[in-house]
Amino acid sequence: MADATSVLHVSPVIPVVTIADPQHAVPVARALADGGVRIIELTLRTDSALESLKRIANEVPDILVGAGTILTPAQADAAVGVGAQFLVSPGVTPALLDHMLTLDVPVLPGVATVGEVMALLERGITAMKFFPAGPAGGPDYLAAIGAPIPQVQFCPTGGISLDSAPAYLKLPNVSCVGGSWLTPRAVVESNDWDQITRLAREAAGLSRD
Ligand code: 3PG
């Protein structure tokens, strides 16, 4: 179950969520789900990220929770060990990809060049994160890749906002976008779960043409 095509169809936006205090994990996940966003990419960027991931996996069953910022095989193992239902990496190396493909969860590897897209296609992967989407070329770049390689579906992430998302979502090779704008740090730390639900509702309402 390596390919993450199904993961790309859960929501028009995959929230990229960084949580410092595990006590915030479940309320953030519930707030997103209440707004209609039933997926989270929880980044492994804080010391307690695995604990937050575990709590969401155990306590919020109506949300699909994956681990982001996977840089090493050990991180992939640890994330799956606490309940990650998919894995996202910002880029790939052969060693990391080989290892992730041995695990029983969908894998969404990051790419930023045509050669990287082709290398993943050789491995049978057709769902990829395009990162960092804005600096790497934005919607024009993805549209250009779609001409020779229409069979790959992307989740562009990096520098995307509610305002810039539609330009990506209208592309035939974009199934969803990723972004951290649904869970701003200050909003999480002030426990403003209603605001997260509002941001999620706006994101869930984006159309995928
Ligand atoms: C990621 O890990 O995908 C990015 O850090 C998210 O980028 P953003 O903060 O620009 O949305």
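This short talk walks through the ligand site, the pocket around it, and two backbone details in a predicted model.

Start with the ligand. Which residues are around it? From the early part of the chain come Val 16 and Arg 45. Then come Lys 129 and Phe 131. Next is the run Thr 157, Gly 158 and Gly 159. Gly 179 and Ser 180 complete the list. By class, that shell splits into 2 nonpolar, 5 polar and 2 charged residues.

Now the polar contacts. I'll take three of them. Lys 129 places a polar side-chain atom 2.7 Å from a ligand oxygen. Ser 180 also uses its side chain, with a polar atom 2.6 Å from an oxygen atom of the ligand. Gly 159 uses its backbone: a polar atom there is 2.7 Å from a ligand oxygen. How much of the ligand does the protein cover? On its own, the ligand has 320 Å² of accessible area, and the protein covers 77% of that.

Next, the pocket. The ligand takes up the space of the largest pocket. The volume there is about 340 Å³. Its lining counts 22 residues. Nearest the centre of this pocket are Val 16, Thr 18, Arg 45, Ser 180 and Thr 183. Of these, Val 16, Arg 45 and Ser 180 are also among the residues around the ligand.

Which elements give two or more residues to that lining? They are the strand β9, at 177–179, and the helix α9, at 185–189. The top contributor is α9, with 3 residues. Sorted by class, the lining of the largest pocket has 8 nonpolar, 10 polar and 4 charged residues.

Last, the backbone. Two spots to look at on screen.

First spot: the peptide bond between Phe 131 and Pro 132. That bond is cis, and omega is near -10°. Pro 132 sits in the loop between β7, 127–130, and α6, 133–136. Recall that Phe 131 is one of the residues around the ligand. Lys 129, with its side-chain contact to a ligand oxygen, falls within the β7 range, 127–130.

Second spot: Thr 69. Where is it? In the loop that runs between β3, 64–68, and α3, 73–81. Thr 69 is not a glycine, yet its phi is positive, at about 60°.

Notes. Residues numbered from 1 in each chain as written. Predicted model: local features only at pLDDT ≥ 70, side-chain atom pairs only at ≥ 80, totals over all residues. Heavy atoms only, no water. Near = heavy atom within 4 Å. Polar contact = N/O pair within 3.5 Å; in protein donor to acceptor, adjacent residues only side chain to side chain. Areas by Shrake-Rupley, 256 points an atom, 1.4 Å probe, with all protein chains shown as cover. 1 Å grid on protein atoms, 1.4 Å probe; cavity = no way out; pocket = protein on both sides within 12 Å on 5 of 7 lines; lining within 4 Å. Sits in = over half its atoms within 2 Å of the grid points. Nonpolar A, V, L, I, M, F, W, Y, C, P; charged D, E, K, R; others polar. Points joined across faces, edges and corners; volume = space filled by probe spheres on them. Helix = DSSP H or I, 4+ residues; strand = E, 2+ residues; numbered from the N terminus.
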